[in-house]
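Student: I would like a close look at one glycine and the parts of the chain around it, followed by the helices and the core. Could you take me through it slowly?

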Amino acid sequence: MKDTITAISTALGVGAISIIRVSGREAITLVNQIFKGKDLTKVESHTIHYGHIVDRDETIDEVLVTIMKSPKTFTMEDVVEINCHGGIAPTKKILELLLLSGCRLAEPGEFTKRAFLNGRIDLVKAESIMNVISSENENARRVAMKGLEGYLSNKIQQLRQKMLTLLASIEVNIDYPEYEDIEVMTNEKILPELKNIGIELENLVKSSEDGQILTSAIKTAIVGRPNVGKSSILNRLLREERAIVTDIEGTTRDTVEGKMNLGGVTLEIIDTAGIRNTTDIVEKIGVEKAKKEIEEASLVIVVLNYHEQLTKEDREILEKSKNKVRIIVLNKTDLERKIEIEQLPKEELVYTNATAIAGVENLELAIQNKLNLGEIEKGDYTYLSGTRQISLAKEALSILNEVISSCQEGIPVDMLELDIHASWEKLGEIIGESYREELIDQLFSQFCLGK
């Protein structure tokens, strides 16, 4: 981290302003070489200066330059931010001049990586920064901000401190058995504390798994045989004419997708080809994709025709989706009922008429109830986010549960110490107290350039 890095921190395109960020030991000196105005090497920290970026005798752009000196910066290094006019040409030209002056182009997420490696933020806060940027709904933003503000890190630290207190007590007993005034740690004494830690960790994992609904787009497949109204339902949910709707069977031959926010979560809705036996090669491919979507979706919406009796294809779709989180939509309720309702699971049924403007309101309410959104939103939004954090917490919990079982079986306390320490280490990986360098490189490579 001895070199000075630079990157464009705003989206590249036409806009009011663009920001080029520079961080490193020579940040101020290198920017000063292409800046015409005050001598930036002599100004106070956290000040903004008007001037021009120049290439020898040519003025490139009129700019405002912000100077922030170490250590009170995001990366804890000297940081300079150049605010220039928005536009591809001036932004790229300024970046080019910085690179020619001695800066290196930053890797994706390298500014945040330096903030982590320099002790400015922990790994949870680093991941939360990217989660704030990528959040697609208000609940996802709230979860990300809880992580960024340190609530999740504090919860992990508290669990680790309880484990550390147990470890210290056990080690004192092992290292100094001759001291009579030291409390002897027995299985009976440490078991209640181990159980309490286990309950806290288990609750955190469970609430975080439920909370993933708030932060990740829920893959939702609309399936059914041809001409039951799948595309109409998609269009009503998205509030736009995304899919072509006709009375001709097999109109939808490939998946049609769209995203919507519902009750504070994001649904990735996929309208699939009508499932039926067909000799048409193209339609057959669409049918196979529809069947695959049933397997991969987190929520399956099976659409049946209220005006027709159940067919062989309907029953096959119902059988294939029976183990999924599912809603069964009886569509076209404006027509006479012919479907055998008594043969369907009552708790999964929703009645709709997708030809009417308000025809899918019942479905929207059923989706919210099926995903238990009301209960999840009552939480405090302090959730583990992403596969990495949750998997590490699960590993820590699994190790801790083994320790509890061993303790109940009467395994000597000194033999439990290593496993308690292993669980403590796993929790440390979540916040970055312990890490592998290759993991850090891979993690920050997923960040956007300039962050």
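Student: Does G51 count as buried or exposed, and why?

Tutor: The model is a predicted one, in which local features need pLDDT of at least 70 and side-chain atom pairs count only at pLDDT 80 or more, while totals for chains, interfaces and linings use all residues. Residues are numbered from 1 along each chain as its sequence is written, and side-chain values use heavy atoms, with hydrogens and water left out.

G51 counts as buried because its relative accessibility is 2%; buried here means under 20% relative accessible area, exposed means over 50%, and partly exposed is anything in between, with a 1.4 Å probe and protein chains only. The glycine belongs to strand 4, which covers residues 47–55 (strands are DSSP runs of E with at least two residues, helices are runs of H or I with at least four, and both are numbered from the N terminus). Leaving aside residues up to four places away in sequence, G51 touches F35 and K36, and also D61, E62 and V63, where contact means heavy atoms within 4.5 Å. F35 is 16 residues from G51 in sequence, yet the two C-alpha atoms are 6.8 Å apart in space.

The loop between strand 5 (58–68) and strand 6 (79–85) holds P71, and the peptide bond that joins S70 to P71 is cis, with omega about 5 degrees. M76 is found in the loop between strand 5 and strand 6 as well, and although M76 is not a glycine, its phi is positive, near 65 degrees. With a relative accessible area of 30%, M76 is partly exposed. N227, in the loop between strand 8 (218–223) and helix 8 (230–238), is another residue other than glycine with a positive phi, near 65 degrees; its relative accessible area of 31% makes N227 partly exposed.

Turning to the interior, the largest nonpolar core has 32 residues, of which I156, L194, L384, I420, L427 and I430 touch the most other members. Such a core is a set of buried Ala, Val, Leu, Ile, Met, Phe, Trp, Tyr and Cys residues joined through side-chain atoms within 4.5 Å. Helix 6 (151–175), helix 7, helix 13 and helix 14 each supply at least two residues of this core, and helix 13 gives the most, with nine. Around I156 itself, the contacts beyond four places in sequence are L204, L384, L427, I430 and I431. Another core lies apart from this one and has 29 residues, including L214, V265, I327 and L371.

Helix 14 deserves a closer reading. Its 19 residues, 413–431, should span 27 Å at 1.5 Å a residue, and because its end C-alpha atoms are 28 Å apart, the two values agree; the expected span is 1.5 Å times one less than the number of residues. Among the buried residues of helix 14 are V413, L416, E417, I420, S423 and W424, and towards its end K426, L427, G428, E429, I430 and I431. After helix 14 comes G432, where phi is positive, near 90 degrees.
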